[in-house]
Amino acid sequence: MVAFHAADEHDGETILSAFANSKTRATYALITNHLKKSNTMRIAITGASGQLGSVLQVALAPQHEIIALGHRDIELSSPACIEQLASTRAELVIHPAAMTNVDGCARDPDQAYRINGLGTRYVALACRKLAAPLVYVSTNEVFDGSGTRPYYEYDQTNPCLLYTSAAGAAFCRG
């Protein structure tokens, strides 16, 4: 686990243009625009070595204290991560971490469930212990696409692929 303050070497537009996926761009913009309006906070970011996690660090570090948690820093599939995350004393947790390798999830569905489902549950439990808000970043793939209006976080899920197990979202709701 590494806590740091870093100088912002890129402007927001440069960071946003690095995203090929418009949904990732929208998520990034939503998070950073809100947090730029707040006072300095201690923010833990899971999945810190991933695409979204790494750019969130760059964008938020000029104003906030960032606790970057990559897969080498925290084992989301273990209940021990509850205490580990709680020990950071984070005031906000952003959780974009997930096992996203579609083929890997198909080969090892139990591991995918432990990381994407139970890992998210453990992060939510740590947030409860911290009394800290959780920003859970998931995928639109938890929905089957048959809806006729935009989906909302409490809509019924129906994932088409194993890696998009709706367990994480379900644990965050309950």
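Two strands count as paired if DSSP finds at least two bridges between them. Helices (H or I, at least four residues) and strands (E, at least two) are DSSP runs, numbered from the N terminus. This report applies these terms to a predicted model, in which local features need pLDDT of at least 70, side-chain atom pairs count only at pLDDT 80 or more, and totals for chains, interfaces and linings use all residues. Residues are numbered from 1 along each chain as its sequence is written, and side-chain values use heavy atoms, with hydrogens and water left out.

**Overall make-up**

The protein has seven helices and five strands. Along the sequence they follow the pattern β-α-α-β-α-β-α-β-α-α-β-α. Of the 174 residues in the protein, 42% are buried, where buried means under 20% relative accessible area, exposed over 50%, and partly exposed in between (1.4 Å probe, protein chains only). The accessible surface comes to about 9,500 Å², and 52% of that surface belongs to carbon and sulfur atoms. Areas are obtained by the Shrake-Rupley method with a 1.4 Å probe; for residues, only the protein chains shown count as cover.

A contact means heavy atoms within 4.5 Å. Among the contacts with a separation of 6 or more, 64% are between residues 24 or more positions apart.

**Confidence**

The predictor's confidence in each residue is given as pLDDT, from 0 to 100. The mean for the protein is 77, and 68% of the residues reach 70 or more. Confidence is highest in helix α4, at 97, and lowest in strand β1 (residues 2-4), at a mean of 28. Over residues 1-20 pLDDT stays under 50, and the model has 42 contacts beyond four places in sequence for this stretch.

**Strands**

Strand β4 (residues 92-95) pairs with β2 in the parallel sense, over three bridges. One of the bridge partners is Leu92 in β4, which is matched with Ile43. Strand β4 also pairs with strand β5 (residues 134-136), again in the parallel sense and over three bridges. Here Ile94 has Val135 in β5 as its bridge partner.

In a regular strand the side chains alternate between the two faces of the sheet. In β4, Leu92 and Ile94 point one way, Val93 and His95 point the other way, and all are buried.

**Salt bridges**

A salt bridge is a side-chain nitrogen of Lys or Arg within 4 Å of a carboxyl oxygen of Asp or Glu. The whole structure holds three of them.

| Acidic residue | Basic residue | Closest N to O |
|---|---|---|
| Glu65 | Arg42 | 2.3 Å |
| Glu83 | Lys129 | 2.2 Å |
| Asp155 | Arg149 | 2.9 Å |

The salt bridge between Glu65 and Arg42 links distant parts of the chain: Glu65 is in strand β3 (residues 65-69) and Arg42 is in strand β2 (residues 42-46), 23 residues apart. Glu65 is partly exposed, at 24% relative accessibility, while Arg42 is buried, at 15%.

The salt bridge of Lys129 with Glu83 also links distant parts of the chain, with Lys129 in helix α6 (residues 109-130) and Glu83 in helix α4 (residues 80-86), 46 residues apart. Glu83 has a relative accessible area of 44% and is partly exposed.

In the salt bridge of Asp155 with Arg149, Asp155 counts as buried, at 14% relative accessibility. Its partner Arg149 is partly exposed, with a relative accessible area of 44%.
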